[in-house]
Amino acid sequence: MAVRLFEGKDHAVAYLQYRVMPQELISVVMGHQPSFHLAVDVGCGSGQGTALLAPFFTKVIGTDVSPAQLEMVPTNSSPPNVSYSRQCPAEELPFESGEVDLVTAMTAAHWFDRERFLQEAYRVLRPGGCLALLSYTMDMELEYGDVSDALNDICKEVSNLHFSH
Ligand SMILES: C[S@@+](CC[C@H](N)C(=O)[O-])C[C@H]1O[C@@H](n2cnc3c(N)ncnc32)[C@H](O)[C@@H]1O
């Protein structure tokens, strides 16, 4: 089940002020990325991570379920190819099937209904597209059909590779 804790304006203001930028993780993701037309950053909050995708893609769209978070996006300093026009839940993404090259969720997927989100990400991603879940910890379980165990094993392996030293 999805959890909603980011709806208040005060929370959104503090978040914009104190969130650190995941630049190094973005470089790791780009190393796995085969094509660069459309990136969608789900649960984008006030857009700190979303903007980091701008140099790599023709178009970047940030989505979030919280209007308060989206209102805090500093749009006057946003790169021109980035927009935040889609307020929506992660579990119902307003994109055509197969039109997205990269779906990211940066410190956000732990709040989603992950089974529904993963199905939705799979639907909107083009064949060979990339899903990147960025977080401070992988202390969460993913559910996806009959491959949940394999998916969780892969996440643990990647997490150990990148963060064990
Ligand atoms: C910790 S913030 C991360 C924001 C941003 N991605 C970052 O890296 O700074 C989590 C964000 O996920 C959003 N969120 C939580 N549940 C959601 C859902 N079910 N669908 C879409 N967004 C959601 C919240 O509104 C919040 O903006």
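**Thr107, a pocket and two cores**

Modeller: Let's start in the loop between β4 and α5, where Thr107 sits. Before we dig in: this is a predicted model, where local features need pLDDT of at least 70 and side-chain atom pairs count only at pLDDT 80 or more, while totals for chains, interfaces and linings use all residues. Numbering runs from 1 along each chain as its sequence is written, and side-chain values use heavy atoms, with hydrogens and water left out.

Biologist: Okay, so why is Thr107 called buried?

Modeller: Buried means under 20% relative accessible area, exposed means over 50%, and partly exposed is in between (1.4 Å probe, protein chains only). Thr107 comes out at 14%, so it goes in the buried bin.

Biologist: And what is the phi of Thr107?

Modeller: About 40 degrees, a positive value, although Thr107 is not a glycine. For context, most residues other than glycine have a negative phi.

Biologist: Why is Leu133 called partly exposed?

Modeller: Leu133 has 22% relative accessibility, which falls between the two cut-offs, so partly exposed it is. By the way, Leu133 lies in strand β5, and its C-alpha is 7.6 Å from that of Thr107, with the two positions 26 residues apart in sequence.

Biologist: Which residues does Leu133 touch beyond four places in sequence?

Modeller: Ala105, Ala109, Phe117 and Leu142. Contact here means heavy atoms within 4.5 Å.

Biologist: How do you know that β5 is a strand and α5 a helix?

Modeller: Both are DSSP runs numbered from the N terminus: helices are H or I with at least four residues, strands are E with at least two. On that basis the chain has six helices and five strands, in the order α-α-β-α-β-α-β-β-α-β-α.

Biologist: What makes the buried residues of α5 one face of the helix?

Modeller: In α5 the buried ones are Arg114, Phe117, Leu118, Glu120, Ala121 and Val124. Looking down the helix axis, they fall within an arc of 165 degrees, so they line one face. The arc is taken from the directions from the axis to the C-beta atoms.

Biologist: Which residues of α2 are buried?

Modeller: Ile26, Val29 and Met30. Their arc is 95 degrees, so these too line one face of their helix. Among the elements covering them are α3 (48–52), β4 and β5.

Biologist: What makes a set of residues a nonpolar core?

Modeller: They must be buried Ala, Val, Leu, Ile, Met, Phe, Trp, Tyr or Cys residues joined through side-chain atoms within 4.5 Å. The largest one here has 23 residues, and those with the most contacts inside it are Val42, Phe95, Val100, Val103, Phe112 and Phe117. β1 (38–42), β4 (100–106) and α5 (114–124) each supply at least two of its residues, with the largest share, four, coming from α5. There's a second, separate core of 19 residues that includes Val29, Ala39, Ala54 and Val60.

Biologist: Where does Glu92 sit, and is it buried, partly exposed or exposed?

Modeller: Glu92 is in the loop between β3 (82–87) and β4. With a relative accessible area of 48%, Glu92 stays under the exposed cut-off, so it counts as partly exposed. Leaving out neighbours within four places in sequence, Glu92 contacts Arg116 and Glu120.

Biologist: Why is Thr63 called buried?

Modeller: Thr63 has a relative accessible area of 0%, so it passes the buried cut-off. This residue lies in strand β2 (residues 59–64), and its contacts beyond four places in sequence include Val42, Arg86 and Phe95.

Biologist: What makes a space in the model a pocket?

Modeller: On a 1 Å grid over the protein atoms alone, a pocket is an open set of points where a 1.4 Å probe fits, with protein on both sides within 12 Å along at least five of seven lines; lining residues have an atom within 4 Å of a point. The largest pocket holds about 910 Å³, a volume filled by probe spheres set on points joined across faces, edges and corners. Its lining has 31 residues, with Cys130, Leu131, Ala132, Leu133 and Cys155 nearest the centre.

Biologist: Which element gives the most to that lining?

Modeller: β5, with nine residues. By type, the lining has 24 nonpolar, six polar and one charged. Ala, Val, Leu, Ile, Met, Phe, Trp, Tyr, Cys and Pro count as nonpolar, Asp, Glu, Lys and Arg as charged, and the others, Gly among them, as polar.
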